[in-house]
Amino acid sequence: MAKLHITDREGVETVIEGEVGISVMENLRDNDYELEAICGGQCSCATCHIYIDDAWMAKIGARNDEENELLEELDCVQPNSRLSCQIEFTEDMDGLAIVIAPDE
Amino acid sequence: MTQTFIVVGAGHAGGQAVATLRSKGFDGRIILIGDERYVPYERPPLSKAVLAGELEVERTFLKKETWYPEKNIEFRPNTLVTKLDRKARTISTASGEVLGYDKLLLATGTRVRKLQAPGADLDNIFYLRALDDTLAIQRKMTPGTNVVIVGGGYIGLEVAAVAVKMGCTVTVLEGLERVMSRVVAPEVSAFYHHVHTDAGVVIKTGMAVTGFEGDGKVERVTCADDSVFAADLVVIGVGVLPNVELAAEGDLAVDNGIVVDEYGQTSDDNIWAAGDCTNHPNALLGRRLRLESVQNAVDQAKTAANAMCGELKPYSEIPWFWSDQYDLKLQIVGLSEPGDEVVIRGNPAERKFSALYLRHGKFVAINAINMIKDFMAAKKLIAEGKILDPDKAADAEIALKDM
Ligand SMILES: Cc1cc2nc3c(=O)[nH]c(=O)nc-3n(C[C@H](O)[C@H](O)[C@H](O)COP(=O)(O)OP(=O)(O)OC[C@H]3O[C@@H](n4cnc5c(N)ncnc54)[C@H](O)[C@@H]3O)c2cc1C
Ligand code: FES
């Protein structure tokens, strides 16, 4: 378990005990955050878009190619955009802060 | 007095609907009834990552098992609903239990179309619709197994891709002249045909399967042209039928699906329907249709659940869909029709191209193969009803979004 700080689409901030070994998307879904994640983590839909807190960017690492292509086409993409299904939540991400991006 | 909302069918739409009802603040009684033994789960991985043994079963669950009691949702697995009495506002289960509702959502999905042929009930002949089907098929799919797949649609081909990778000998028998003919243009069918053949899959088109033979379990598949294929395992994927019986017997309007309006409401004010089982209008497409996709199940379930909570937001989305085979990410947006002009951009030989479908110049659909940017751009352009110049569209150097 590690803490995950989440800001939802209404701007409300909460902290959950995240489950490690599954994706950030699955953590959000299991904890009822509004987020479509329609393709179930297959990197096919871009409906699991989040923003990573700048302080965490280096630690989280870079986007993969497919993820990059999906993200670049979104209207509300930012340098700190990621697809949450492509990030495995690990113990050393304790305290990670993310914002759920708007629904496009 | 607390109200009772019942959701029949614990699939993708049913699972999404109960989540939306609770997140909307509905605090009455929610009963979710499904005839399978699992909580609602995602079906797409059943013919992909789960079949390949790359994804654990629990990770396909839309919500964990513990979530339902936490949200005070009465989840009833292994329960078949057999009767709907609209006058009394009750449903009955196969075990004879009668439950009353204030509002009802039918999310009964589809079932596989069974092949009517001699020997179709032999052992080792499977259909793929549910998690238990996948697990049963997977157990039989050991290296060296002769797998015959009846039906060259996307599910059949996804199974073929997994099976050949696992070291099985794979033959696909398709009745029509080309694979995936229902959803893609001839150019795209030809491409997929080649990719599978290169991977070692034998594809036979124009094959009418006439029967199955064997001693207890299947050993051979016979066809109308007298050809015979050795088989240890047969997977049949020849389409699905909407589960409308409950609705029909309850005297709701049914016409290739449960007839609903743009809010998911049926011909009864207290009953909604969502997902694969509905025949619904789509303002963007300008017609009614029945769809088999997760996007539709999720979006329509949200619409119906919102409407059950009194919030009317019409459902209208350009349909989209995906299929993973080998290293190929196929993403489909919109609905193509036989007369559409097909424009190919990119290079099939590099396994990276798109087929764009134009109807009187209007961009109506796309099959994007490893062309993620095209898929994303197409979602917007198709919804806008963009007119494309075919020559310009064929130039993959120009980004689709800049057209
Ligand atoms: C192998 C496979 C691969 C797929 N791949 C993709 C893909 O890549 N992309 C995509 O978009 N879509 C895909 N789909 C389609 C997608 O899974 C469906 O469109 C989606 O599941 C529809 O959701 P639903 O809730 O309408 O129906 P379902 O998920 O079918 O759920 C309906 C449920 O209701 C139950 N039920 C029916 N009648 C009763 C009753 N009377 N009482 C109790 N329970 C009942 C059924 O048993 C079932 O569990 C795939 C489907 C399959 C089978
Ligand atoms: S869930 Fe579809 S891209 Fe992440």
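Ile16(A) is buried, its relative accessible area coming to just 11%, and that is below the 20% that marks the limit for the label. This residue sits in strand S2 of chain A, which runs over residues 13–18. Its C-alpha atom is 6.6 Å from that of His5(A), even though 11 residues separate the two along the chain. The model is a predicted one, with an ipTM of 0.93 and a pTM of 0.96. For chain B, the mean pLDDT is 97, and 100% of the residues reach 70 or more.

Two loop residues have backbone angles worth a look. In chain A, Ala46(A) is not a glycine, yet its phi is positive, at about 60 degrees. Ala46(A) belongs to the loop that links helix H1 (24–30) to strand S3 (49–52) of chain A. With a relative accessible area of 9%, Ala46(A) counts as buried. In chain B, Arg89(B) also has a positive phi without being a glycine, with a value near 55 degrees. Arg89(B) is found in the loop between strands S4 (81–85) and S5 (90–93) of chain B. Here the side of the cut-off changes: Arg89(B) is partly exposed, at a relative accessible area of 33%.

Next comes ligand 1. There are 33 residues around ligand 1, and those that come nearest are Asp35(B), Glu36(B), Arg43(B), Lys48(B) and Asp276(B). By type, the shell splits into 14 nonpolar, 12 polar and seven charged residues. Lys48(B) also makes a polar contact: an N or O atom in its side chain is 2.6 Å from an oxygen atom of the ligand. Backbone atoms join in too. A polar backbone atom of Ala13(B) is 2.7 Å from a ligand oxygen, and a backbone N or O atom of Ser293(B) is 3.0 Å from an oxygen of ligand 1. On its own, ligand 1 has 990 Å² of accessible area, and the protein covers 96% of that. Four elements of chain B give two or more residues each to the shell: helices H1 (12–23), H4 (154–165) and H7 (294–308), plus strand S22 (320–325).

Of these shell elements, helix H4 of chain B can be followed further. Its 12 residues should span 16 Å at 1.5 Å a residue, and the C-alpha atoms at its ends are 17 Å apart, so the two values agree. Nine of those 12 residues are buried, so H4(B) is largely enclosed by the rest of the structure. The buried residues are Gly156(B), Leu157(B), Glu158(B), Val159(B), Ala160(B), Ala161(B), Val162(B), Ala163(B) and Val164(B).

Key
Residues numbered from 1 in each chain as written. Chains lettered and ligands numbered in written order. Predicted model: local features only at pLDDT ≥ 70, side-chain atom pairs only at ≥ 80, totals over all residues. Heavy atoms only, no water. pLDDT = per-residue confidence, 0-100. Near = heavy atom within 4 Å. Polar contact = N/O pair within 3.5 Å; in protein donor to acceptor, adjacent residues only side chain to side chain. Areas by Shrake-Rupley, 256 points an atom, 1.4 Å probe, with all protein chains shown as cover. Nonpolar A, V, L, I, M, F, W, Y, C, P; charged D, E, K, R; others polar. Expected span 1.5 Å × (residues − 1). Buried < 20%, exposed > 50% of the residue type's maximum accessible area, 1.4 Å probe, protein only.
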